[in-house]
Amino acid sequence: MKSLRLILSAVVISLSSMAFAQSDAQKSFAQLKALAGTWRGPVTANPPQSDWGDKPVWVSLRVTSRGNALVHEIKEPGTADDPSHDDPITMLYLDGDRLVLTHYCDAGNRPRMAAKMSPDGKTIEFDFLDVAGSTNHGHMHHGVFTIIDANHHTEDWTYMEPGDKPVHAHMDLQRTK
């Protein structure tokens with residue numbers, strides 16, 4: 001009888017931890033969907049990128065597919081807000097019990113990353129899983145969203161250039177609508 005209670009206890013603990021992981025992914029996704037709108041702010045890079053200068057970056061976040069996906073689009077600094085311009089698109093979605101993003105890069109590849117949330121729930125970090133397509137021109141490797149409040153968040157992206165040379169971009173974004 002004791003062994004049956006121990007087995008049942010272990011099963012309940014296992015199921016509750018799986019439910020926690022799923023709710024953590026759902027909570028992260030809900031927080032990111034709350035960022036839907038248009039954002040603008042400065043972008044800085046390390047190492048510095050000469051063509052970025054002091055021009056602001058525009059970020060658009062849009063909930064789509066009946067709430068099952070979030071579209072993230074970055075407008076490069078200094079480019080017109082023109083839908084015909086080729087901008088990188090990132091799709092964020094729940095994949096089972098985890099939050100995943102696929103970045104459709106202007107380098108011609110599609111890296112995927114999986115999320116983990118910080119203990120305070122304000123930072124959602126995406127770690128590299130894999131990449132489809134050629135990495136001859138590099139690939140996006142890491143992303144971090146930090147939610148400051150409903151009208152202010154930061155994004156940190158790491159692009160891995162050929163030869164595994166990282167370029168870190170930091171965007172400090174304010175909601176415009």
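A residue is called buried when its relative accessible area is under 20%, exposed when it is over 50%, and partly exposed in between (1.4 Å probe, protein chains only). Strands (E, at least two residues) are DSSP runs, numbered from the N terminus.

This is a predicted model, in which local features need pLDDT of at least 70 and side-chain atom pairs count only at pLDDT 80 or more, while totals for chains, interfaces and linings use all residues. Residues are numbered from 1 along each chain as its sequence is written, and side-chain values use heavy atoms, with hydrogens and water left out.

**Exercise 1.** Determine how many residues of strand 9 are buried, and describe how strand 9 pairs with strand 8 and strand 10.

*Solution.*
- Step 1. Strand 9 spans residues 152-161, and eight of its ten residues are buried.
- Step 2. Two strands pair if DSSP finds at least two bridges between them. Strand 8 (residues 139-149) runs antiparallel to strand 9, and nine bridges join them. Two residues separate these strands in a hairpin.
- Step 3. Strand 10 (residues 165-175) is also antiparallel to strand 9, with ten bridges. This hairpin has three residues between its strands, and Gly 163 in the turn has a positive phi of about 85°.
- Step 4. Thr 154 can be followed across both pairings: its bridge partner in strand 8 is Thr 146, and in strand 10 it stands opposite Asp 172.

**Exercise 2.** Identify the salt bridges of Lys 75 and the network that they form.

*Solution.*
- Step 1. A salt bridge is a side-chain nitrogen of Lys or Arg within 4 Å of a carboxyl oxygen of Asp or Glu. The structure holds five.
- Step 2. Lys 75 forms one with Glu 73, the closest N and O atoms being 3.7 Å apart.
- Step 3. Lys 75 forms another with Asp 87, at 2.9 Å between the closest N and O atoms. Lys 75 lies in strand 3 and Asp 87 in the loop between strand 3 and strand 4, twelve residues apart.
- Step 4. Lys 75 is buried at 9% relative accessibility, and Asp 87 is buried at 7%.
- Step 5. Shared partners join Glu 73, Lys 75 and Asp 87 into one network.

**Exercise 3.** State which strands are tied together by the salt bridge of Arg 112 and Asp 130, and classify the accessibility of both residues.

*Solution.*
- Step 1. The side chains of Arg 112 and Asp 130 meet at 2.9 Å, N to O.
- Step 2. Arg 112 lies in strand 6 and Asp 130 in strand 7, so the pair ties together parts that are 18 residues apart in sequence.
- Step 3. Arg 112 is partly exposed at 24%, and Asp 130 is partly exposed at 30%.

Definitions and conventions
Helix = DSSP H or I, 4+ residues; strand = E, 2+ residues; numbered from the N terminus.
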